[in-house]
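I opened the model to look up its charged pairs and its nonpolar cores. My notes follow in the order I made them.

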Amino acid sequence: MMRRLLSSNAPTRMTLAALAMATVLAQPVQAETAAQASEPLGLGTLDGLPITLSGSYLAGRLAGQTNDLANAAAFFAEALDEDPGNPFLLDRTFVLKLANGDLDEALEYARRLKQEQPDHFLANLALGAEALKLGEPARAAELLSGPGRGPLADLTRGLAAAWAKEAEGETDAALDILSRLKGPDWYTVFVTYHSGLIQDHAGRREAAIQGFADAFAADQGALRVTDAYARALAAGGQPAEALKILAEYDKILPDHPVLSATRKLIESGEPIGPITASPVTGAAEVLYGLGAAIGRDGGEELAAVYLQLALDLDPRADVAAVALAGLFDRLGKFERSIATLGKIDPASPLKRDAEIQIGLNYNALDNLEQSRLHLQALVDEDPSDLEAVIALGNVLRARKLFPDCEAAYSAGIDTLSEPEEKDWTIFYYRGICRERQKKWGPAEADLRKALELFPEQPLTLNYLGYSLVDQGLKLPEALDMIRKAVELRPRDGYIVDSLGWAYYRLGRYEEATEQLERAVELRPEDPVINDHLGDAYWKVGRTIEARFQWNHARDLGPEPDELPKILKKIENGLRETPEMPAAQAGSDKNGG
């Protein structure tokens, strides 16, 4: 679901994370050893323990390594209290407070940094954003006008400074700043996009459309560019062209809720406004766009800084909230993701998908009851919303509640008058639930329906083919299905394992060994695949290697019901094991 909420903003994934790290590390602070070398000071207690500089510092580092921004910020603040003149501790406390969303405290630290390090990039950025928010664009422009520390900082400051100039009513000066931003190729989409936004804000519609067209040419997968371009075209009396642009994006990511809402507005003929209503929201758009791109490529801390500043400038920036929640998800901080998504405006096109993600996050927190209640409420509200239905069904399927997940998927299928290609997944998932309950007739019908809707879907080909082989049914067709799945996804170790195990079940042990060796190369950490290879080795007389593979499978943490079978094979080989291990047709690792 978070994949559906998030989308590309620019082709920057190769470089932005490295630039993010360089931007943070480029601050002119003393070495980290300044904090480590200081003498511990027992100036207070916490739960009966003395607070010391070294203790707070080490606790802050540990919290940071586990992506716990709140505690990292708190511990570094403690360390700074005990060594107020330490520039490294001041810098880390400021950045962590900002990343954690403690804006008021972060701004106080920013003011201290500005006095001690006038060119500190993030301090100037935070203070510039504050000035813009307070209606002081001249001060914002001054704070943002200095040089950055590398391409990312230069671009950030330049884009934000342009919006500060636009806030002063100096559109030509703003555009001049943008024209002087020279850097790597990925600059293009950001510069042209914000040129279009500034022109649009200034009422220069034709120039705005040209800016958006240039940005769209640079990256047709950028959601915000596409939305802005379509809106500008529609507002300029070109609704047909606007709808064509939206149709192009649908080929990349169909039915995105933001663009669906824009399409509906265009088709209604109602007046349509720009994405950014003011220079403040324009600056928020800068920080969102860059923050989202940095976060997707691994620069979580700096991405959080950008996104928190974006939301401070524009609390209604739902795309920034979604990006920040996605960042928390990747860090495993599901409670914070839930809290962030919960703040999205009920009128936002992203609200319902955000609520679905909240339900999935409850499941990630191992709170099945809350997850189920939350998702079921969304399904009850709109049974035809297959995203909610599939989310609920997938939670139940992952918990092996197969009758319940079958019922959930069935409720969604019942709302389909004419299934389309995109609906293949719900039939596929229900087929899995039915197969796991040994309801093979209905399961096969569902899997074949999924294949009818999407004929060359490798997961369906693999699952259906594997299930048929497992039961000794329609073997030539089944083997062809699995071979086709491997052809479509030759690097998928689980599907290659399916082909190897199919050969094994058919008694073609040499071919089974060849495919299973490939599968282990692709997925060396999987206990099922290693177990399968051990069986194949035994059948071709390679008994020492077979026991090695079984021992390896044992050590990789197999399912509890599989472990006794593996131990018996290690002790006795296959001669004392009359029943072969059941083929994992219903395993998630074989397409389920």
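Before listing pairs I fixed the term: a salt bridge here is a side-chain nitrogen of Lys or Arg within 4 Å of a carboxyl oxygen of Asp or Glu. I also noted that I am working on a predicted model.

**Entry 1: lysine 484**

I started with lysine 484, which forms a salt bridge with glutamate 487. Their closest N and O atoms are 3.4 Å apart, so the pair falls inside the 4 Å cut-off. I found both residues in helix 28, three residues apart, or about one turn of the helix. Glutamate 487 is exposed, at 56% relative accessible area.

I then looked up a second partner of lysine 484. Its side chain also meets that of glutamate 456 in a salt bridge, at 3.5 Å from N to O. This pair links distant parts of the chain, with the two positions 28 residues apart in numbering. Lysine 484 sits in helix 28 (residues 475-488), while glutamate 456 is in the loop between helix 26 and helix 27 (458-471). For exposure I wrote down 24% relative accessibility for lysine 484, which counts as partly exposed. Glutamate 456 is partly exposed too, with 43%.

**Entry 2: arginine 448**

Next I checked arginine 448 and found a salt bridge to glutamate 444, with the closest N and O atoms 2.9 Å apart. Why are arginine 448 and glutamate 444 separated by about one helical turn? They are four residues apart in helix 26 (residues 440-453), and that spacing accounts for the turn. Arginine 448 is partly exposed at 28% relative accessible area, whereas glutamate 444 is buried at 12%.

**Entry 3: the wider count**

I recorded 45 salt bridges in the structure.

**Entry 4: nonpolar cores**

I turned to the nonpolar side chains. The largest nonpolar core has 118 residues, and Phe94, Leu155, Val305 and Tyr306 touch the most other members. Helix 18 (residues 300-313) gives the most to this core, with ten residues.

I took leucine 155 for a closer look. Which residues is leucine 155 in contact with, leaving aside its neighbours within four places in sequence? I listed Leu181, Trp186, Tyr187, Phe190, Val191 and Leu290.

Another core lies apart from the largest one. I counted it at 65 residues, among them Leu386, Leu464, Ala502 and Ile566.

How values were computed: Residues numbered from 1 in each chain as written. Predicted model: local features only at pLDDT ≥ 70, side-chain atom pairs only at ≥ 80, totals over all residues. Heavy atoms only, no water. Buried < 20%, exposed > 50% of the residue type's maximum accessible area, 1.4 Å probe, protein only. Core = buried A, V, L, I, M, F, W, Y, C linked by side-chain atoms within 4.5 Å. Contact = heavy atoms within 4.5 Å.
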